[in-house]
Amino acid sequence: MNRTEFIPMVDLQKEIDLLKAPLLKEMKTVLKSGEYVLGAKGEELENQIAAYTGTAYAVGVANGTDALYLSLKALNIGPGDEVITTPFTFFATAEAIAQTGAVPVFADIKEQTYTIDPEKIKEALTPKTKAVIIVHLFGKAADMEDILALAEKYNLKVIEDACQAVGTKVEDKKAGGIGNVGCFSFFPSKNLGALGDGGMIVTNEQNICDNVRELRNHGSHMRYQHSSIGVNSRLDEMQAAVLLVKLKYLELFLHKRKEIAKRYTEQLNRYVKTPETREQEGRTYHQYCIETAQRDELAAHLKKSGIASAVYYPVPLHLQKAFHYLGYQKGRFPVSEKTAERILALPIFPELSIEKQNYIISNVIQFFDQQKD
Ligand SMILES: *Cc1c(COP(=O)(O)O)cnc(C)c1O
């Protein structure tokens with residue numbers, strides 16, 4: 001392989017080149033329509049995402065963070081309430097809770113899957129707990145059976161942060177369609193990405209759908225009639241048109257990611273901790289993460305060979321400056337903290353060629369072989 005060609009974490013340009021003709025065709029339709037916010041494309045995408053996730057309703061919003069925020073608002077969560085979530089996720093998951101005025105309460109993850117530990121949810125419960133936001137991190141579904149049982153027992157709402165898990169299957173259901181409400185992000189680097197920001201909520205409950213529809217549009221269900229204080233958070237027609245094209249390729253792209261993940265695991269599991277392979281069938285891969293005590297050295301070695309890698313996530317949320325006010329100390333969530341020091345994501349995207357992947361794999365192996373000398 002040509003060593004001067006840097007291998008990035010994700011190559012969005014390649015995907016756009018591949019889909020250029022259908023994308024331009026769809027985008028031209030929007031240009032000509034004169035309808036740019038809340039129109040036919042957005043509605044069509046909502047229908048298709050509802051069908052894809054097996055849910056009754058879908059509502060487009062401006063981004064994944066708003067999907068989370070509006071889900072909480074639709075469930076009447078706010079000041080005085082507590083919402084349990086994982087400290088090992090992207091900041092937005094807990095940020096959305098704080099935005100409503102509720103208190104984010106963290107519960108540690110399981111070492112094998114990086115998803116929230118149902119036992120730790122139990123320990124974090126108080127009479128103020130109204131909901132849990134579980135995250136299907138990197139495409140791996142959280143333990144939904146245990147979490148739904150807890151929710152039933154303690155009367156909690158379950159919000160799925162499925163921003164990294166579009167298409168993940170859990171038995172006969174899909175991520176986002178299992179709890180009370182599911183949230184998706186269409187940020188460009190997500191597995192279903194727009195050419196800008198976008199997001200969506202899915203649910204089987206009509207009142208949640210109605211509430212989000214109203215809240216996303218200034219608390220209005222009819223023009224110039226406002227029944228609540230909402231926000232401006234809509235998915236625009238141009239992004240919806242792009243997503244309608246990309247949705248057609250989603251299963252193919254998810255499959256390609258899975259093949260890449262399988263090859264990584266087969267070749268690397270003797271050297272590093274690789275993702276758990278139980279329940280392998282239904283999961284998707286937003287990121288492919290390994291774990292090693294020599295994480296930073298390995299990342300430096302790969303960089304020298306022209307290979308990108310990334311750390312998701314280097315600082316657990318309970319240790320973020322923005323959440324100092326919650327009063328958590330270092331050591332409070334040992335699994336998240338240890339994982340943050342050891343985890344490393346390798347390049348994974350549908351267009352990553354076998355030759356390039358082999359080059360990445362041989363560089364990882366070379367690093368560990370050198371350690372032995
Ligand atoms: C990307 C992401 C979000 C936020 O989505 P945006 O569209 O960027 O607002 C929330 N949670 C998780 C787990 C994410 O990966």
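This is a short group-meeting talk on a predicted model of a two-domain protein, from its annotated lysine to its salt bridges.

Okay, hi everyone. Keep in mind throughout that we're looking at a predicted model. I'll begin with the overall layout, then go to one lysine, then charges, and then a few single residues.

So, the layout. The domain assignment splits the protein into domain 1, residues 13–247, and domain 2, residues 250–372. If you take centres over C-alpha atoms, the two domains sit 25 Å apart. How many residues of each domain are in contact with the other? It's 42 residues from domain 1 and 38 from domain 2. In terms of area, about 3,500 Å² is buried between the two, and carbon and sulfur atoms give 59% of that. Three residues stand out on the domain 1 side: Phe 106, Phe 138 and Asn 191 supply 20% of the area that domain 1 buries against domain 2, more than any other three residues.

Now the polar side of that interface. There are 19 residue pairs in polar contact across domain 1 and domain 2, with both residues at pLDDT 80 or more. Which elements give two or more residues to the side of domain 1 that touches domain 2? Those are helix 1 (12–18), helix 5 (92–99), strand 3 (103–106) and helix 9 (237–247). Strand 3 gives the largest share, with four residues. As for salt bridges, the count between the two domains is one. While we're on charges, Lys 338 pairs with Glu 111 in a salt bridge, and their closest N and O atoms are 3.3 Å apart.

Right, on to the lysine. UniProt, in an unreviewed entry, lists Lys 190 under "modified residue: N6-(pyridoxal phosphate)lysine". Where does Lys 190 lie? Lys 190 is in the loop between strand 8 (181–185) and strand 9 (199–203). Is Lys 190 buried or exposed? Its relative accessibility is 18%, and the cut-off for buried is under 20%, so Lys 190 counts as buried. Setting aside neighbours within four places in sequence, Lys 190 is in contact with Cys 163, Ser 185 and His 286.

Next, salt bridges over the whole structure. As a reminder, side chains of opposite charge can pair when their charged atoms come close. The model holds 13 salt bridges, and I'll walk through a few.

One of them is Lys 110 with Asp 143, with the closest N and O atoms at 2.7 Å. Lys 110 is in the loop between strand 3 and helix 6 (118–124), and Asp 143 is in the loop between strand 4 (129–135) and helix 7 (144–154), so this pair ties together parts that are 33 residues apart in sequence. The Lys 110 end is partly exposed, with a relative accessible area of 27%. The Asp 143 end is buried, at 16%.

Then there's Lys 273 with Glu 291, where the closest N and O atoms are 2.9 Å apart. Lys 273 is in the loop between helix 10 and strand 12 (288–291), and Glu 291 is in strand 12 itself, so the pair links parts 18 residues apart in sequence. Glu 291 counts as buried, at 4% relative accessibility.

Arg 295 and Asp 296 form another salt bridge, with the closest N and O atoms 2.7 Å apart. Here Arg 295 is buried, with a relative accessible area of 8%, whereas Asp 296 is exposed, at 52%. There's also a network: salt bridges that share partners join Glu 46, Arg 213 and Arg 216.

Last bit, three single residues. Thr 93 is in helix 5 and counts as buried at 1% relative accessibility. What does Thr 93 touch, not counting residues up to four places away in sequence? The answer is Leu 68, Thr 85, Ile 133, Val 135 and Asp 161.

Leu 252 is in helix 10 (residues 250–268) and is partly exposed, at 43% relative accessibility. Leu 252 and Pro 350 are 98 residues apart in sequence, and their C-alpha atoms are 8.5 Å apart in space.

Val 315 is in the loop between helix 11 (295–304) and helix 12 (334–342), and it's partly exposed, with a relative accessible area of 34%. Val 315 and Leu 247 are 68 residues apart in sequence and 33 Å apart in space, C-alpha to C-alpha.

That's my tour, thanks.

Definitions and conventions
Residues are numbered from 1 along each chain as its sequence is written. This is a predicted model: local features need pLDDT of at least 70, side-chain atom pairs count only at pLDDT 80 or more; totals for chains, interfaces and linings use all residues. Side-chain values use heavy atoms; hydrogens and water are left out. UniProt positions are given in the numbering used here, feature names are shortened, and annotations may be inferred rather than shown by experiment. Buried means under 20% relative accessible area, exposed over 50%, partly exposed in between (1.4 Å probe, protein chains only). Contact means heavy atoms within 4.5 Å. Domain bounds come from an automatic or database domain assignment. Buried area is the accessible area (1.4 Å probe) that two parts lose on being put together, summed over both. A salt bridge is a side-chain nitrogen of Lys or Arg within 4 Å of a carboxyl oxygen of Asp or Glu. A polar contact is a pair of N or O atoms within 3.5 Å; within protein, one must be able to donate a hydrogen and the other to accept it, and residues adjacent in sequence count only if both atoms are side-chain atoms.
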